[in-house]
Amino acid sequence: MDKRPNILIFNPDQFRADALGHLGNPAAVTPNFDEMCRTDGVSFSNAFCQNPVCTPSRCSFMSGWYPHVRGHRSMFYMMQEDEPVLLKTLKDEGYFVWWGGKNDLTPGQKSIEPYCDVRYKPNRPLKPNLHIEQSWRGPADGDNYYSFYAGKLNKGDDEVYYDADWACIYGAIDFIRNTPKDQPICIYLPLQYPHPPYGVEEPWYSMIDRNKIPPRIPTPDGWKGKPSILKGIYENQHLRGWSEERWTEMRATYLGMCARVDYQFGLLVKALKEAGIYDDTAIFAFSDHGDFTGDYGLVEKNQNTFEDDLTNVPFIVKPPVWIPVKPRVSDALVELIDFPATVEELAGIKPKHTHFGRSLLPIIAGETDCHRDAVFCEGGRLHGETHCMEWEGVNKGAPEQGLYWPRQSLQVSEGPEHTKAVMIRTHHYKYVRRLYEEDELYDLQEDPMELHNRIGDLALSGVLTTLKERMLTFYLETCDVVPFKTDRR
């Protein structure tokens with residue numbers, strides 16, 4: 001490909017697919033995302049992450065590897081210097097890479113220089129980070145302590161609650177107005193929102209019509225057939241006494257956070273157009289994973305369960321103007337590892353490593369809506385893998401004070417809770433293989449809420465056999481990679 005597009009990677013954190021208006025949520029306020037798939041791009045309603053927490057998912061979608069390929073299934077094992085990262089590939093191929101936002105991708109003890117030309121730093125003081133300033137939690141014995149619910153944020157006299165996300169958005173807009181003229185650009189914006197704590201300023205806090213918010217998925221009766229870690233989190237979070245009105249407020253706040261993200265996306269699109277480079281820019285907007293947001297009576301996420309709340313993510317692609325596109329919502333099964341494969345084809349880059357992504361350009365052009373027969377997600381650990389317990393650096397003196405204690409306290413157990421597990425999902429069925437407790441099998445057409453585990457149902461025995469065989473093939477195809485650079489014998 002002679003012409004290389006600019007690339008915008010817009011990557012909000014913990015954004016559920018069903019928080020988008022064009023995917024059917026009547027309370028969602030996402031006009032900019034909605035407009036893009038009506039006019040210039042394609043939204044994938046069946047896009048799935050490869051791990052339901054931040055770092056493993058990012059390592060996967062930046063490399064085209066599933067987490068098991070090199071053990072990237074822990075929050076504390078990042079991409080190493082000898083491993084492929086799309087940002088580094090683009091930089092090496094002549095792109096000017098501007099990175100503004102969180103990391104959760106490369107090791108904190110290593111230089112970030114190989115991955116970008118600019119690592120943006122805000123140039124003015126930020127509002128308090130809700131992870132650090134936690135007065136919103138209330139007393140430790142109260143039922144808001146582990147809820148992640150902060151509510152309406154006080155922005156004072158400022159136009160917005162000027163946090164790191166706003167700083168990076170404004171920084172990116174300034175960069176768009178002053179881009180290098182002699183090389184293509186890549187803007188990487190891994191935002192914090194709508195990752196909880198659930199808190200947002202006006203006007204987005206009041207923008208959501210509480211009466212239009214869809215009902216929550218109910219808490220399973222006795223948690224029968226569900227993973228033990230979910231029952232443990234439910235008991236630890238102490239939210240059982242919440243009224244439906246409180247749940248609605250929390251869910252509205254989350255949707256308000258999503259609306260703020262949509263507004264910020266719109267600002268970037270406007271800046272690209274004003275700079276005259278919108279047509280030359282490929283835009284990728286997707287999240288790393290989802291969020292429970294009250295479904296099943298839970299908040300935040302979990303590392304080794306694979307409910308659609310956590311694994312089904314927004315994924316919108318707008319190609320540059322010279323690439324054919326049929327704007328629409330596609331129901332093709334796609335994975336986030338298809339992102340780097342698509343970027344490489346657009347940029348004319350021949351991969352220098354084995355990866356498992358597949359370019360989305362045929363779907364974007366409207367040639368097909370068939371892409372994969374199944375998608376996969378994985379997480380958890382083996383017994384004895386104490387280095388994967390994910391307790392590192394989390395309030396060791398008083399761990400129960402930590403926001404994530406309800407989940408992390410179970411991840412350090414050598415019971416079945418943090419068991420290694422893998423999901424295979426088709427349009428019709430979902431099967432989860434779990435090492436230390438009962439597997440899961442759901443008929444998604446009859447039971448889209450995943451409340452009735454049918455693993456022991458003889459009527460689905462043929463389906464189960466087929467899914468197990470497909471999972472075996474998946475592991476055989478992806479169990480390792482051989483470097484392209486060979487050694488001398």
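This report walks through a pocket, some cavities, the salt bridges and a nonpolar patch in a predicted model.

## The second largest pocket

Let's start with open space. The second largest pocket holds about 630 Å³. Its lining takes in 28 residues, and those closest to the pocket centre are Arg16, Asp18, Ile217, Asp295 and Asp309.

Which helices chip in? Two of them, α6 (244-274) and α7 (308-311), each bring at least two residues to the lining of this pocket. The top contributor is α6, which gives three residues. As for chemistry, the lining of the second largest pocket splits into 13 nonpolar, nine charged and six polar residues.

## Closed cavities

Next, the enclosed spaces. There are four cavities of 30 Å³ or more. The largest cavity comes in at about 50 Å³. Around the largest cavity sit Phe10, Pro12, Phe15, Leu20, Phe33, Ala285, Phe286, Ser287, Pro314 and Ile316. That lining counts nine nonpolar residues and one polar residue, with no charged ones.

The second largest cavity has a volume of about 40 Å³. Its walls come from Met62, Ser63, Pro84, Val85, Leu86, Thr89, Pro340, Glu344 and His353. Three helices, α2, α3 and α8 (338-347), each give two or more residues to that lining. By class, the second largest cavity is lined by five nonpolar, three polar and one charged residues.

## Salt bridges

Now for the charged pairs. How many salt bridges does the structure hold? The count is 41. One of them joins the side chains of Arg70 and Glu83, at 3.3 Å from N to O. Both partners sit in the loop between α2 (54-63) and α3 (86-92), so this pair ties together parts that are 13 residues apart in sequence.

Are Arg70 and Glu83 buried or exposed? Arg70 has 33% relative accessibility, so this residue counts as partly exposed. Glu83 has a relative accessible area of just 3% and is buried, because the cut-off for buried is under 20%.

Two further pairs are worth a look in the viewer. Lys102 and Asp104 make a salt bridge whose closest N and O atoms are 3.2 Å apart, and both of these residues are buried. Arg434 and Glu437 pair up as well, with 3.5 Å between the closest N and O atoms. Both Arg434 and Glu437 are buried too.

The Lys102 and Asp104 pair also belongs to a wider set: a network of salt bridges links Asp13, Arg58, Lys102, Asp104 and Asp288.

## A nonpolar patch on the surface

Finally, over to the outside. Which residues make the nonpolar surface patch of about 230 Å²? The patch is built from Leu382, Leu435 and Tyr436.

Leu435 sits in the loop between β13 (429-434) and β14 (440-443). At 42% relative accessibility, Leu435 counts as partly exposed, because that class runs between the 20% and 50% limits. Leu435 also clears the patch cut-off of over 30% relative accessible area, so a residue with this value can take part in a patch.

Notes. Residues are numbered from 1 along each chain as its sequence is written. This is a predicted model: local features need pLDDT of at least 70, side-chain atom pairs count only at pLDDT 80 or more; totals for chains, interfaces and linings use all residues. Side-chain values use heavy atoms; hydrogens and water are left out. On a 1 Å grid over the protein atoms alone, a cavity is a set of points where a 1.4 Å probe fits but cannot get out, and a pocket is an open set with protein on both sides within 12 Å along at least five of seven lines; lining residues have an atom within 4 Å of a point. Grid points are joined across faces, edges and corners, and a volume is the space filled by probe spheres set on the points. Helices (H or I, at least four residues) and strands (E, at least two) are DSSP runs, numbered from the N terminus. Ala, Val, Leu, Ile, Met, Phe, Trp, Tyr, Cys and Pro count as nonpolar, Asp, Glu, Lys and Arg as charged, and the others, Gly among them, as polar. A salt bridge is a side-chain nitrogen of Lys or Arg within 4 Å of a carboxyl oxygen of Asp or Glu. Buried means under 20% relative accessible area, exposed over 50%, partly exposed in between (1.4 Å probe, protein chains only). Patches are made of residues with over 30% relative accessible area and no salt bridge: like charges are joined within 9 Å, nonpolar side chains (Val, Leu, Ile, Met, Phe, Trp, Tyr) within 5 Å. Accessible areas come from the Shrake-Rupley method with a 1.4 Å probe; for residues, only the protein chains shown count as cover.
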